[in-house]
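Reader: I have a structure to go through and I'm new to this. Can we start with the basic terms?
Author: Yes, here it is.

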Amino acid sequence: WGSVAADLVFARASAAGRWPASGPYEMVGNNVLRIDHDPFTRTPLGARIEGAATNLLTYSEFPNGLANASAAGLATAVSDIEGGRTGIALNNSSGTAFVYKTKAAHTGPLSLAVDVEMEDGIPPTVTGGTPTFNLLIDTSYTIPPPYNSVRIGNKTWRVSVTKTINGAGGFVGVVQYQTHEQRRIKVTGFQLEAGARVSSYIVTGATTGVRGADNLSMPLPIVPATGFTMAFRARMPRYVNVGDANVLLNLMPAASTANRIGIDNFGRSNEVWMAFPGGVGTYRLATGIAPGAEFYGALSWSAAQGWRGTALGGTVINVTTQPAPAADLARITIGSRAGAAPWNDTIERLAMWSHGVFTDVQLQGLLA
């Protein structure tokens, strides 16, 4: 995805965030495909395709709108957080310091993510047995470590947690408790989302931030019914679409979603499947792949060998009971089903051949 070719069609009705090859986290504009990078190593990850989401917190990064709810002077605004970001430093020498944001009443799961720079560089969930800080979701719910933590810098982690609450308002935030280590922390990048998921960070100002769904597609440069092979390299979704698949790719007609075939996560966070029209007949290619882990595979059809699929170089699954590709297949949607059932992670590479005559060994090695 070095550039968006003329025959690729991409749409997103909002700005959205990404980590560039260098520099701080950034928001890119409407209809701009996000080529994302690992936040720590800045290794290219590919095109990020996600569903719609809303950051329910205003002023998610800048100190405006953040309040210090303990003794004066324990929390101060800073502009030197790793990666050129702004936020709040908690410098307590005794007692408790915390920063928080108010939130409206909500019933159901909420997911909170906060970017935390640890002055000593030790992960935020490793504190010598005493929590340095807790995450809060709602006034009544203080959630101690461990949390889900992803390293996004030399000293910075994105820390997240999900909690189901029932109707109360109050605040969410980060609390630092006094510890014998005297660990100083800086916090930035607050995000609160409805649902049991944490998606890519949405920077907000005076209003809450909404990200539209990513929709990437193109006309098929092949005629599937005459034989084809597709190879893919991607990262597993970090959260699943409850009640639906996470679609990696779908071949479908020009103006409908009928007769579609493709590769899905199929609602399970660690499996890859071949999927056929109407959801009738799904064939598992791999299981046990961790959310966010990189994987590769291939899908192929030929009149001589029928349908074949493989993932991570595993056994080639051969299916002869499914019919040949429908004659009306004319486009490919990449990372969604025409905007629905989003993949919710990155897609690094995609390749197509106008034949299906690879051997099993060759099929297993494509984009390895």
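Author: Two strands pair if DSSP finds at least two bridges between them. Strands (E, at least two residues) and helices (H or I, at least four) are DSSP runs, numbered from the N terminus. This is a predicted model, in which local features need pLDDT of at least 70, side-chain atom pairs count only at pLDDT 80 or more, and totals for chains, interfaces and linings use all residues. Residues are numbered from 1 along each chain as its sequence is written, and side-chain values use heavy atoms, with hydrogens and water left out.

Reader: ok, so which residue in strand 17 is the bridge partner of Leu 90?
Author: The partner of Leu 90 is Ile 185. Strand 9 (residues 85-90) and strand 17 (residues 185-194) pair in the antiparallel sense over 3 bridges.

Reader: What order do the strands of that open sheet have?
Author: The order is 8-9-17-11-15-14, with antiparallel pairing across the 6 strands. Strand 8 (75-81) and strand 14 (148-151) are the edge strands, each pairing on one side only.

Reader: And what holds strands together in general?
Author: Strands of a sheet pair through backbone hydrogen bonds, either parallel or antiparallel.

Reader: Switching to pockets. What volume does the largest pocket have?
Author: About 730 Å³. On a 1 Å grid over the protein atoms alone, a pocket is an open set of points with protein on both sides within 12 Å along at least five of seven lines, unlike a cavity, where a 1.4 Å probe fits but cannot get out; lining residues have an atom within 4 Å of a point. Grid points are joined across faces, edges and corners, and the volume is the space filled by probe spheres set on the points.

Reader: Which residues are closest to its centre?
Author: Of the 33 lining residues, the closest are Val 150, Arg 158, Val 198, Ser 199 and Arg 238.

Reader: Which strand gives the most to the lining?
Author: Strand 15, with 4 residues. Strands that each supply at least two include strand 11 (107-118) and strand 14.

Reader: How many of the lining residues are charged?
Author: There are 12 charged, 11 nonpolar and 10 polar residues. Asp, Glu, Lys and Arg count as charged, Ala, Val, Leu, Ile, Met, Phe, Trp, Tyr, Cys and Pro as nonpolar, and the others, Gly among them, as polar.

Reader: New topic: how many salt bridges are there?
Author: The structure holds 19. A salt bridge is a side-chain nitrogen of Lys or Arg within 4 Å of a carboxyl oxygen of Asp or Glu.

Reader: Which residue does Asp 214 form one with?
Author: Asp 214 forms a salt bridge with Arg 34, the closest N and O atoms being 2.7 Å apart. The two sit in different loops, 180 residues apart in the chain: Asp 214 between strand 18 (209-211) and strand 19 (215-219), Arg 34 between strand 3 (26-28) and strand 4.

Reader: Is Asp 214 buried or exposed?
Author: Asp 214 counts as buried, because its relative accessibility is 0%. Buried means under 20% relative accessible area, exposed over 50% and partly exposed in between (1.4 Å probe, protein chains only). Arg 34 is also buried, at 0%.

Reader: And what about Arg 308, which residue does it pair with?
Author: Arg 308 forms a salt bridge with Asp 360, with the closest N and O atoms 2.8 Å apart. Arg 308 is in strand 26 (residues 306-311) and Asp 360 in helix 1 (residues 360-365). Arg 308 is buried at 1%, whereas Asp 360 is partly exposed at 35%.
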